[in-house]
Amino acid sequence: MSVSRRLPRQLAAPDPTWSVETDVVVLGSGAAGLSAALAARPVREVILVTKDTLDAGSTNWAQGGLAAVLDPNDSLENHVADTLAAGAGLCDEHAVRTLVDEAPTAIRYLMELGAAFDSGDTSGEIALTREGGHSHRRIVHAGGDQSGAEVQRTLDESVRLAGVQVVERAFALDLVTGVRADGTRAVAGVRVAMLDRSGGVQSVGIVHARAVVIATGGYGQVYASTSNPPAVTGDGIALALRAGVEAADLEFIQFHPTVLWSGPDATGQQALISEAVRGEGAILLDAAGQRVMEGVHPQKDLAPRDVVATAISQRMAEAPAGVHDHVYLDARRIENFEDRFPSITASCRNIGIDPVHELIPVAPAAHYVCGGVIANLDGVTSLPGLFVVGEAARTGVHGANRLASNSLTEGVVAGTRVGRALSWQLPEQVHVADIDTDGELIDSYHRSALRSAMSRYVGVLRSPEGLAAADAILQTLAGNASSEVVPTRKSFEATNMLTIATAVVAAALMRKESRGCHRRTDFDAPSSQWQRHLTCRIVNGELEVQV
Ligand SMILES: Cc1cc2nc3c(=O)[nH]c(=O)nc-3n(C[C@H](O)[C@H](O)[C@H](O)COP(=O)(O)OP(=O)(O)OC[C@H]3O[C@@H](n4cnc5c(N)ncnc54)[C@H](O)[C@@H]3O)c2cc1C
């Protein structure tokens, strides 16, 4: 089935004035990209391009930790079962088993590289916490709630020590493709814009490489309210779509049930109140003081995220005590809250809330995208020479909903697997004829209309009328695409966000059921007819969505 949505075929940018050659180019410097670069480097020449500073992605912000079976009372089967249950019938069980099997090794690998995970009081063994949807304690954390920062620090240092050539403020625009000796189309490199500190384009060049690894993260920033940092705009998925590569499951966007609600007009990245806070005993209350999760799910406040986010959204719609835009988290019973959750304490105090003595106002916000470019856990895609890892990939591990803390683990496991495979063997050389650089952009000021349409109509609860309204707004924005718009980081991102948002809305309109983190107001349950994936690709500038 094809939906006729015109989208830019490439990003407009000045003509390339330089080129470099390498074995492997990695796009993005979160857990996935750094792991890939590190594992490939001992054998290969590796260039890592990243559009901002090394730590600008989601990895640095992760709080809760990394899931892995390390407790003798837990088992790999339990972790597999919990992941499949969260994924609501759309996981690839083989991918899940591979991830779960390799997760404990990934944790020990990070520790070998120098990661200091929190240990229990006396034994010195790694401390494990529990998060929503997990039947056992299996979340490894660092610095209390600074787990991602510790992973980022460890991998940043390791990558630099290993001699990976790191190029910051380098924006990956579009893939360069060519043909192999046998006539098949394959990837030959990537067109990159070098940016100044304010996001202006200094120059454009081509990085020729035998392998391109996309590790550019998710697309939480297509929403006005998100836990994701500003760099997470879906660039890698959009550039893969433009190259004709298929993405899947884009409609499954996990809304974190509890970001800090800091007022009715707050937009952009919001501080997260980690699930681990509920893991340690905090409970959700509405403005009338009633428990939100009582009678909703057997795991109550630790039910899977989609269940908690939906329950909160439904309760907010009822406006108890006149409050329609947030509920509260009562963490006052947690001992030593300040020591266990130092960053959360600081974020609350920044807006004048003392979480030790007061209720924390919270609301759901876009947090994690389960879909992405179709790839296996070795990063292999349908386009020879192109690999995708981390949140940008759809490996089948998460299905219709991610189990908390499986994503950092996935980034390290998949990144390391692709890096090792590329050490072992590089894809064939590809001949490039002409590089087509004609493209279009939309102006960056369209970002705010796009984001508010997505938050208003394509959030936790989706109605057919709302989705149609979002679709109409996005089509109007697409009509503004032109080759005359000034190329900057923001206009590149706006154009990528338009591509992603259009695909998300088209898939959400087509999926006529509620499953995992996709909730339709007109279909309140999953349907066996829809226990399948929707794939998206762009052919000649037209988006195609297929069942
Ligand atoms: C607040 C928060 C808390 C979280 N907590 C947890 C948790 O406790 N446990 C867990 O497992 N997961 C957690 N997650 C999710 C997890 O952090 C991410 O899924 C994971 O870090 C993604 O890693 P990544 O390497 O794929 O992408 P990212 O870490 O997002 O990195 C993407 C990289 O790509 C770069 N980039 C993007 N576009 C371009 C471009 N065009 N050109 C060049 N570079 C580009 C970015 O600058 C960045 O360096 C959390 C996420 C957030 C936002």
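**Exercises on a predicted model**

β5 and strand β6 (residues 139-140) pair in the antiparallel sense over two bridges. Keep in mind that the model is predicted, and let's work through three exercises.

**Exercise 1.** Work out which strands lie at the edges of the open sheet that contains this pair.

*Solution.* Start with the strand order: the open sheet has three strands, arranged β4-β6-β5, with antiparallel pairing. Next, look for strands that pair on one side only: these are β4 (66-67) and β5 (128-129), the edge strands. To see the register between β5 and β6, find L128, which sits opposite V140 of β6.

**Exercise 2.** Describe how helix α11 packs with helix α12.

*Solution.* Begin with the geometry: α11 (residues 446-457) and α12 (residues 464-478) have axes 9 Å apart, at an angle of about 170°. Angles over 145 degrees count as roughly antiparallel, so α11 runs roughly antiparallel to α12. Now list the contact: α11 brings H446, A449, L450, A453, M454 and Y457, while α12 brings G466, L467, A469, A470, I473, L474 and L477. Finally, sort these residues by character: 11 are nonpolar, two are polar and none is charged.

**Exercise 3.** Find which helix gives the most residues to the shell around the ligand, and characterise that shell.

*Solution.* First, take the shell as a whole: 44 residues surround the ligand, the closest being G28, G30, G57, G217 and G390. Then pick out the elements that each supply at least two residues: α1 (31-40), α4 (147-162), β8 (170-179), α5 (235-242) and α10 (406-424). Of the helices, α10 gives the most, with four residues. Lastly, the shell's make-up is 17 nonpolar, 23 polar and four charged residues.

How values were computed. Residues numbered from 1 in each chain as written. Predicted model: local features only at pLDDT ≥ 70, side-chain atom pairs only at ≥ 80, totals over all residues. Pairing = 2+ DSSP bridges. Near = placed C-beta within 6 Å. Nonpolar A, V, L, I, M, F, W, Y, C, P; charged D, E, K, R; others polar. Axes fitted to C-alpha atoms, helices over the stretch in contact; angles between N-to-C directions. Parallel < 35°, antiparallel > 145°, perpendicular 65-115°, else oblique. Contact = placed C-beta atoms within 7 Å.
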